[in-house]
Amino acid sequence: QVKDFIEYSLEMAALPEISDAVELSSKECGPAGPATFSQRAKIHKEAFEVARGESELHLKEQNSHLKVNSDYPLYVEIDLVSPLRVVLLALVAFHQPIIKPGAPSLITISLQSQLPINVEIDQLEVQFNQSECNFIIGNGQKTNTAAISHIQPGRRVETAPALVLASNKWLRLTYEIKSEQSGKLECIYVIARIGPYFTICCRAESPASMNDLPLLEI
């Protein structure tokens with residue numbers, strides 16, 4: 001129930017914005033009200049307070065409270081057809097068309113969110129079809145990353161100066177990778193951890209398949 005609440009709330013918070021000056025009837029915009037910035041920001045704050053374990057979700061019908069914590073962590077998965085792609089979109093571009101075994105190459109990870117308020121990520125994990133290439137990106141502005149327990153011994157760890165997503169702004173991160181195996185190297189998932197108990201797993205997409213989005217050249 002918490003997962004359904006968070007997913008629905010984030011989807012609503014990421015709706016295209018309607019000016020606060022525009023007045024619409026409930027028939028035109030639904031029972032939740034118009035998608036003004038103030039309304040979207042309110043929904044955003046409430047959803048993240050629950051997702052980070054800072055507040056509880058009260059179920060009036062059942063007269064109970066649900067809370068995200070270490071016993072009940074929250075995991076949201078976003079695939080290529082999910083409506084939550086407006087909440088977090090992850091594109092991964094390989095700078096070289098062919099990755100040769102043992103030769104270093106570069107990749108750029110581009111993240112975008114249409115949520116109305118900045119989203120700070122504690123840690124990113126980049127996963128490939130060759131697991132030895134997997135690595136972690138920590139938030140350099142956080143001395144104690146909330147997701148430090150997820151880092152396995154021996155795992156490569158990088159640090160970004162900041163991991164903050166501004167609304168409709170691309171965050172781009174470029175890193176070197178090196179594969180020791182033959183065969184095509186593909187990025188499968190980009191996993192964002194926000195707070196100690198909230199994880200968003202995005203299916204990695206290619207910029208070449210996103211012609212309908214206003215991408216800037218890498």
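Of the 218 residues in the chain, 41% count as buried. The model is predicted. The chain holds three helices and 13 strands. Its accessible surface comes to about 12100 Å². Carbon and sulfur atoms account for 50% of that surface. Contacts between residues at least 6 apart in sequence were also examined. Of these, 64% join residues at least 24 apart.

Three of the strands form an open sheet. Their order is 4-5-11, and the pairing is antiparallel. Strand 4 (89-94) and strand 11 (171-178) are the edge strands. Each of them pairs on one side only. From one strand to the next, the twist averages 25 degrees. Strands of a sheet pair through backbone hydrogen bonds, in either a parallel or an antiparallel sense.

Strand 5 spans residues 104-112. On one side, strand 5 pairs with strand 4 over six bridges, in the antiparallel sense. Within this pairing, L91 has S110 of strand 5 as its bridge partner. Strand 5 is also joined to strand 11, by eight bridges. These two strands likewise run antiparallel. Here the bridge partner of I107 is Y175 in strand 11. P104 stands opposite K178, also in strand 11. Burial in strand 5 is extensive: seven of its nine residues are buried, so the strand is largely enclosed by the rest of the structure.

Helix 3 covers residues 37-51 and has 15 residues. The helix reaches 21 Å from its first C-alpha to its last. This is close to the 21 Å expected at 1.5 Å a residue. G53 follows helix 3, and its phi is positive, near 80 degrees.

The buried residues of helix 3 are R40, A41, I43, H44, A47, F48, V50 and A51. An α-helix has 3.6 residues a turn, so residues three or four places apart point the same way. In helix 3, the buried residues include R40, I43 and A47. They also include H44, F48 and A51.

The packing partners of these buried residues comprise one helix and several strands. The helix is helix 1 (2-13). Among the strands are strand 1 (57-59), strand 3 (74-78) and strand 6 (119-120). Strand 12 (187-194) and strand 13 (198-203) also pack against the buried residues of helix 3.

Terms used:
Residues numbered from 1 in each chain as written. Predicted model: local features only at pLDDT ≥ 70, side-chain atom pairs only at ≥ 80, totals over all residues. Heavy atoms only, no water. Pairing = 2+ DSSP bridges. Helix = DSSP H or I, 4+ residues; strand = E, 2+ residues; numbered from the N terminus. Axes fitted to C-alpha atoms, helices over the stretch in contact; angles between N-to-C directions. Expected span 1.5 Å × (residues − 1). Buried < 20%, exposed > 50% of the residue type's maximum accessible area, 1.4 Å probe, protein only. Contact = heavy atoms within 4.5 Å. Areas by Shrake-Rupley, 256 points an atom, 1.4 Å probe, with all protein chains shown as cover.
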